[in-house]
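Biologist: Please pick one part of this fold and look at it closely. Start from a single residue pair and work outwards.

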Amino acid sequence: MLIAALPMYDWPEERAQVDRRWAVLRDRMRSAGIAAPDALVRRNADMPAVPGGIRAADGTILAPDPASLPPDGFDLAVLWRHPALLFAETCWGPLAHGLAPHVTVVGQSDYGPFEGGAGPDYCSAIVARRADGLAAAPSADGRAVLPLELFRGRVLAFNEPHSMSGYMGLRRDLTAEGPGMDLFGGHRATGAHRASIRAVAEGQADFAAIDCRSWFLARQHEPAAQDLHVVGWTARSPGIPYIRAAALDPATAARLGHVMAQH
């Protein structure tokens with residue numbers, strides 16, 4: 001049994017649209033002879049059990065057996081390392097921190113429809129309460145737009161430290177400017193972009209970096225976003241990649257590569 005997931009923009013309000021996206025891609029895969037699953041994985045209980053845990057070729061444990069985890073949780077680190085993974089979205093941050101040897105990148109999303117996006121590349125919007133700073137547009141050449149003095153001594157909310165869009169991209173840009181992340185007076189981990197938006201709106205933090213597609217969704221679905229505006233942008237980065245298990249059988253991997261080349 002192969003599994004697939006599209007977790008990066010799977011907001012509750014967008015679930016039907018995400019399912020429609022998968023149905024189109026699933027049917028293309030099936031037409032190519034791939035046993036693509038009917039539905040997407042959205043919780044630990046949806047993943048096939050791996051008795052003894054998920055292991056590397058040398059026997060090293062990479063991740064726990066999904067059956068040992070809370071059934072209604074969703075551990076993405078386990079999903080991304082699952083040997084039955086046919087297709088999923090991930091982030092370049094985890095790929096740079098240990099995931100890359102266990103998966104193969106098979107494509108990227110298109111960010112062209114969103115402000116701050118350019119084909120497969122995107123910028124993150126740096127959001128603040130409307131009383132802070134001036135509204136800012138992304139630069140035409142994809143360079144960072146950073147109100148450094150506005151950041152000084154204030155608190156940054158971020159989803160998690162291995163997120164390119166929420167943390168690593170901003171750290172890269174601030175390091176290039178000189179001050180680095182020490183420019184902020186504090187950092188608040190929230191676990192999700194949507195939670196970071198709420199933290200800023202509620203005054204628990206002053207800024208957050210939100211990838212342009214998530215910011216687009218927030219403006220449609222998250223009431224707290226109405227209290228915020230964009231005061232800066234990170235530099236353009238490659239958008240989220242699509243991956244498969246590196247150990248996927250060669251015939252299926254070849255068929256998937258053909259499907260994605262036409263996608």
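Modeller: Start with Leu 156, which stands opposite Phe 207 in strand 11. This is a predicted model, in which local features need pLDDT of at least 70, side-chain atom pairs count only at pLDDT 80 or more, and totals for chains, interfaces and linings use all residues. Residues are numbered from 1 along each chain as its sequence is written, and side-chain values use heavy atoms, with hydrogens and water left out.

Strand 9 (residues 155-158) and strand 11 (residues 207-211) run parallel, joined by two bridges. Strands pair here if DSSP finds at least two bridges between them. Strands (E, at least two residues) and helices (H or I, at least four) are DSSP runs, numbered from the N terminus.

Now the sheet around them. It is open, has five strands and follows the order 10-9-11-8-12. The pairing is mixed. Strand 10 (186-189) and strand 12 (228-233) form the edges, each pairing on one side only. From one strand to the next, the twist averages 35 degrees.

Two helices lie across these strands. Helix 5 (residues 164-177) lies across strand 8 (124-129), strand 9, strand 10 and strand 11. Its direction is about 110 degrees to strand 11. Helix 6 (residues 193-201) lies across strand 8, strand 9, strand 11 and strand 12. Helix 6 runs at about 150 degrees to strand 11. Axes are lines fitted to C-alpha atoms, for helices over the stretch in contact (heavy atoms within 4.5 Å). Angles run from 0 to 180 degrees between N-to-C directions.

The loop between helix 6 and strand 11 holds Ala 205. Ala 205 counts as buried because its relative accessible area is 1%. Buried means under 20% (1.4 Å probe, protein chains only). Leaving out residues up to four places away in sequence, Ala 205 touches Val 155, Leu 156 and Ala 157. Ala 205 also touches Arg 129, Ala 199 and Val 200. Ala 189 is 16 residues from Ala 205 along the chain, and their C-alpha atoms are separated by 10.0 Å.

Last, the packing. The largest nonpolar core has 29 residues. Such a core is a set of buried Ala, Val, Leu, Ile, Met, Phe, Trp, Tyr and Cys residues joined through side-chain atoms within 4.5 Å. Tyr 111, Val 127, Ile 197, Trp 215 and Trp 233 touch the most other members. Strand 8, helix 5, helix 6, strand 11, helix 7 (212-221) and strand 12 each supply at least two residues of this core. Helix 7 gives the largest share, four residues.

Note on methods: Buried < 20%, exposed > 50% of the residue type's maximum accessible area, 1.4 Å probe, protein only.
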